[in-house]
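Visitor: I am new here. Please walk me through this model and give me reasons for the words you use.

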Amino acid sequence: MGCRIFFLAKHLLNPNPNFPNPRSFSTSFLITKTPKKHRPKRPKPDSPRTRSVTPDSNKIPHFESLLTRDADFRFLTKTKEFLSKQSEQILRLDDAGKFYRELGFPRGRKVTKSISRHPLLFTTYRHSDNKIWLGFTDFMDQLLLEERSIMEAMEEDRVTRVRKLLMMSKNKRIPLSKIYHKRLIFGIPEDFRDRIKKYPDYFRLVVEDDGKQVLELVNWDPSLAVSALEREFLVNEDKVKKAFKFPVKYGKDLGLEENDVKKLNLLNTLPLVSPYSDGWKLDLWSLEAEKYRVGIIHEFLSLTLEKRALIHHIVEFKEEFSLTRQTYEMLKRQPRTFYLAGTEMNWAVFLKDGYDDNGNLIDKDPLLVFNEKLYKFAEMQEEEKL
């Protein structure tokens, strides 16, 4: 009797014996999504695009922060340069997406978001054709006039920089396009190709058979053929002696004492081969040739406004300055003078002596002072300017 009651109760609890017990149901088919903001961030894949050239333990924050600043103001610097070259300094907003590289904003993003970050400098307005256009604000126009005035005042200095670049080059000639593409790091104006016509005693423009325009040096000036390192040597000899290290390879059987090793190393460290010499004729893999290439890069960075350059700025002149593919390894061997920042795919080299202990440039060009002011206004809203 008890068995029949139990069987009946079991049948009532589960009227369909062929249907699975509810307790055995799986909820795996239910998709539950964690809100994006609560999801754990995936670590970035280790690749040359993300891998730092300098280990975290050896990083110098103020140098790394300058690269971050460059990235933050990429839209500002690129759009300023692009619009300045347009006939009326405007661009139709519908066309902006086609020029995302030239304007410095990510592909697929709306340019209006980047514009809104700098309301004092950029504006949009509806033209008579009923289209929206991007242009400079009246305030930005005033700043550009100030920048042009600085360029005019610094023309002689810029001419000297180009002369020194030509004097360092192997054949005393550099394609005009290379100087033009890298003009911003030297503070050279957009219209410098027209300005060089004013200096026939310094420059000669040659058009080769393939149509390439090449800038040649007309006269060698001995007074300019003195590197920044050589000038520093006259002021602080000990400092320059410690700037580089080119250790001598010798056998252990020499049995040299520590002081003798230092003296031997010092003999092979100084003097450096002048970047204004014919060092390109040296045996490519000799110690003297490496000293020459180190001197070339040191002087190249000394001629830049910010005493630093991205690797592609330097590689652009690889042929003219007789540099090799081992430039990265060569610079890493000289940590006293050069600091490498950024990632393996896009790294920059800094001239340490150009900065003080707080990461501030020791010798600040007037154009850099202007740029710092421009960055300040770029971060301000309209009401903050008042």
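Guide: What follows is a short tour of a predicted model, with the reasoning behind each term.

Visitor: What does the chain contain?
Guide: It has 18 helices and nine strands. Of its 386 residues, 40% are buried. Among contacts with a separation of 6 or more, 65% join residues 24 or more positions apart.

Visitor: Why is Gln334 called buried?
Guide: Buried means under 20% relative accessible area. Gln334 has 1%, so Gln334 counts as buried.

Visitor: Where is Gln334, and which residues does it contact beyond its neighbours within four places in sequence?
Guide: Gln334 sits in the loop between helix H16 (327-332) and strand E8 (338-342). Those neighbours aside, its contacts are Ala243, Phe244, Lys245, Phe246 and Val294.

Visitor: Why is Asn171 called partly exposed?
Guide: Partly exposed lies between under 20% and over 50%. Asn171 has a relative accessible area of 48%, so the term partly exposed applies. Asn171 belongs to the loop between helix H7 (155-168) and strand E4 (173-175).

Visitor: How far is Asn171 from Phe321, in sequence and in space?
Guide: In sequence, 150 residues separate Asn171 and Phe321. In space, their C-alpha atoms are 9.3 Å apart.

Visitor: What is notable about the phi of Lys172?
Guide: Lys172 has a positive phi, about 60°, yet is not a glycine. Lys172 is in the loop between H7 and E4. Ser322 is not a glycine either, and has a positive phi of about 55°.

Visitor: Is Ser322 buried or exposed?
Guide: Buried: its relative accessibility is 17%, and the cut-off is under 20%, so Ser322 qualifies. Ser322 lies in the loop between helix H15 (311-315) and H16.

Visitor: How do you know that the span of helix H2 agrees with what is expected?
Guide: H2 covers residues 61-72, which is 12 residues. At 1.5 Å a residue, they should span 16 Å. The end C-alpha atoms of H2 are 16 Å apart, so the two values agree.

Visitor: Which residues of H2 are buried?
Guide: Phe63, Glu64, Leu66 and Leu67 are. Seen down the axis of H2, the buried residues fall within an arc of 150°, so they line one face of the helix. An α-helix has 3.6 residues a turn, so residues three or four places apart point the same way. The cover over the buried residues of H2 includes strand E7 (308-310), E8 and strand E9 (347-351).

Visitor: What makes H3 and H17 roughly perpendicular?
Guide: The axes of helix H3 (residues 74-84) and helix H17 (residues 366-378) come within 11 Å and cross at roughly 110°. Roughly perpendicular covers 65 to 115 degrees, so H3 and H17 fit the term. Leu76, Thr77 and Lys80 of H3 make the contact with Leu374, Tyr375 and Ala378 of H17. The crossing of H3 and H17 is right-handed.

Visitor: Why are H6 and H17 called roughly antiparallel?
Guide: Helix H6 (residues 138-153) and H17 pack at about 170°, with axes 10 Å apart. The cut-off is over 145, so H6 and H17 are roughly antiparallel. Residues that meet include Phe139 and Leu143 in H6, and Phe370 and Leu374 in H17.

Visitor: How do you know that H7 is roughly antiparallel to H14?
Guide: The axes of H7 and helix H14 (residues 287-303) cross at roughly 170° and come within 11 Å. That angle is over 145, so H7 and H14 are roughly antiparallel. Arg161, Lys164, Leu165 and Met168 are the residues of H7 that make the contact.

Conventions. Residues numbered from 1 in each chain as written. Predicted model: local features only at pLDDT ≥ 70, side-chain atom pairs only at ≥ 80, totals over all residues. Heavy atoms only, no water. Helix = DSSP H or I, 4+ residues; strand = E, 2+ residues; numbered from the N terminus. Buried < 20%, exposed > 50% of the residue type's maximum accessible area, 1.4 Å probe, protein only. Contact = heavy atoms within 4.5 Å. Expected span 1.5 Å × (residues − 1). Arc of directions from axis to C-beta. Axes fitted to C-alpha atoms, helices over the stretch in contact; angles between N-to-C directions. Parallel < 35°, antiparallel > 145°, perpendicular 65-115°, else oblique. Left-handed = near helix turned anticlockwise from the far one by under 90°.
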